[in-house]
Amino acid sequence: MTETAMIDNIIPCADIVKRTARIGAEVRNIKLSGDLPDQMITAINKVLLEHKVIFFRDQKHLDDSEQERFALRFGKLTPHPTRDVAKGTASILEIDSARPANRPDIWHVDVSFVDAYPKASVLRGVVIPPFGGDTVWSNTAAAYLDLPPPLQRLAENLWAVHSNAYDYYAMRSHATEADKKHFDEIDTRTIYETEHPVVRVHPETGERSLVLGDLVQRFIGIPKYDGQRLLDLFQSHITAPENTVRWSWKEGDVVMWDNRATQHYAVNDYGDQRRVVRRATIDGEVPISIDGRCSVTRVKATKHPPAKLA
C-alpha cells in the first residue's frame, strides 16, 4: 500500500501531492494537532521518511503549545543548545529576522555540531513577508546515490568535524555589527566540535546519506585546502537544483523535515521586511557510520565573555 493510500484509508479527504521527483510532498486537507490518531501519526512519519520534507498549508489554528504537542507525537522535544526557547515552551525556537543573526542563509543540517543532532523539525510560519523568504531543502540520500562509486567509497571513509564556531565573518560579509556581536556572545557562548561520519546510515530506512553542510570545519586527516575542495565537490551534489525543493511560505504553513537526510537554506531575499518562523525540534540519535562507528563530541567549552572594546 502506498503512503497516499494509507493516509486516504485513515482520513479519506487527505491528499498527497509530490513537489519534485526526488524530494518534497504537500499533504493537504489535514488539520494538525497533538490529538491525531496514532495511525495518522504513523502514516505521516512514513510519508516524511519517503519524501524527506512535507508541507502543510492552512494551519493557522496552531499556537506554540499545539505545535509542540504535535511535534511531541514523533519523539522527545529538545531545546536548541545555544539559544533560549520561547517563553512558556519546552523547545520552540523563534527565528525572527528583526533580531540579530536570525537569517540562516547557509546550507546546513540543524545543530550538526552536537553528536545526537535532531532527527526532525516542525517549522511554522508566523509572520511572512509579501515577497521573498522562501526555504530550500535538499535530499542528502539522493546526493549520495548520485556520486560515482569511487567518490562514494571516498565519502564512506571520511569523517568531518562540525562546529558552531564556523567562520561567520567570511560566510556572511553582509552581516551587521549586531549580527556579529550576537554570534560571538550567544551562538558561540558554548563551543561545540563533533566528529561525524560523512556517510551515515539512517536508523529507520537504512539509507545512506551525506552529513555535511556549512558547519563543517575540516575533514579528519585531510589538509584544509584539499578538504575545502572535497567539501565543495560533495556539496555541489547535495545542492544540485534537481535534488532540491523550494517552498514559498504563507502565514500558517507548517513544514516538517527529516534532519537526518536533508540540508536546508533560508533564502535572504526579502530586504528589510520581517519574517518570523517558530521551530519545534525532535531529539535525534547519534549517527552511525557504515562500519558501525558512532559520532562523538570532542569539544564542549563555554567561552569567557568577550572583552569590551575601549
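Start with the whole protein chain and switch on its surface: the accessible area comes to about 14100 Å², and carbon and sulfur atoms account for 52% of it. What you have on screen is a predicted model, so keep an eye on the confidence as you go.

**Colour by confidence.** The chain has an average pLDDT of 91, and 89% of its residues score at least 70. Now select residues 305-310, where the pLDDT drops below 50. Apart from near neighbours in sequence, this stretch makes one contact in the model.

**Switch to cartoon.** How many helices and strands does the protein chain have? You should find eight helices and 16 strands. Of the 310 residues, 54% count as buried. Look at how the chain meets itself, too: take the contacts between residues at least 6 apart in sequence, and 82% of them join residues at least 24 apart.

**Go looking for rings.** Show the aromatic side chains next. The chain holds six aromatic pairs. For a first stop, select Phe 70 and Phe 74. Their ring centres are 5.2 Å apart with the planes at 70°, so this pair is edge-to-face; the angle has to be over 60 degrees for that label. Are these two buried or exposed? Phe 70 has 1% relative accessibility and counts as buried. Phe 74, at 8%, counts as buried as well, since the cut-off is under 20%.

**On to two tryptophans.** Select Trp 137 and Trp 257. Here the ring centres lie 5.5 Å apart and the planes meet at 55°, so the pair is tilted. Which parts of the chain does this pair link? Trp 137 is in strand β6 (residues 135-139), while Trp 257 is in strand β13 (residues 254-258). That puts them 120 residues apart, so colour both strands to see distant parts of the chain linked by one pair. Hide the surface if you can't spot them: Trp 137 is buried at 0% relative accessibility, and Trp 257 is buried at 1%.

**Widen the selection.** Keep those two tryptophans and add Phe 55 and Trp 247. What do the four make together? Phe 55, Trp 137, Trp 247 and Trp 257 form one aromatic cluster.

**Last stop.** Centre the view on Phe 55 and add Arg 19. Where does Arg 19 sit relative to the ring of Phe 55? Arg 19 lies over the face of that ring, at 6.0 Å from its centre. Turn the view until you look straight down on the ring of Phe 55, and you'll have Arg 19 over its face.

Definitions and conventions: Residues are numbered from 1 along each chain as its sequence is written. This is a predicted model: local features need pLDDT of at least 70, side-chain atom pairs count only at pLDDT 80 or more; totals for chains, interfaces and linings use all residues. Side-chain values use heavy atoms; hydrogens and water are left out. pLDDT is the predictor's confidence in each residue, from 0 to 100. Contact means heavy atoms within 4.5 Å. Helices (H or I, at least four residues) and strands (E, at least two) are DSSP runs, numbered from the N terminus. Buried means under 20% relative accessible area, exposed over 50%, partly exposed in between (1.4 Å probe, protein chains only). Accessible areas come from the Shrake-Rupley method with a 1.4 Å probe; for residues, only the protein chains shown count as cover. Rings of Phe, Tyr and Trp (its six-membered ring) pair if their centres lie within 6.5 Å; planes under 30 degrees apart count as stacked, over 60 as edge-to-face and the rest as tilted. A charge sits over a ring if NZ of Lys or CZ of Arg is within 6 Å of the ring centre and within 35 degrees of the ring normal.
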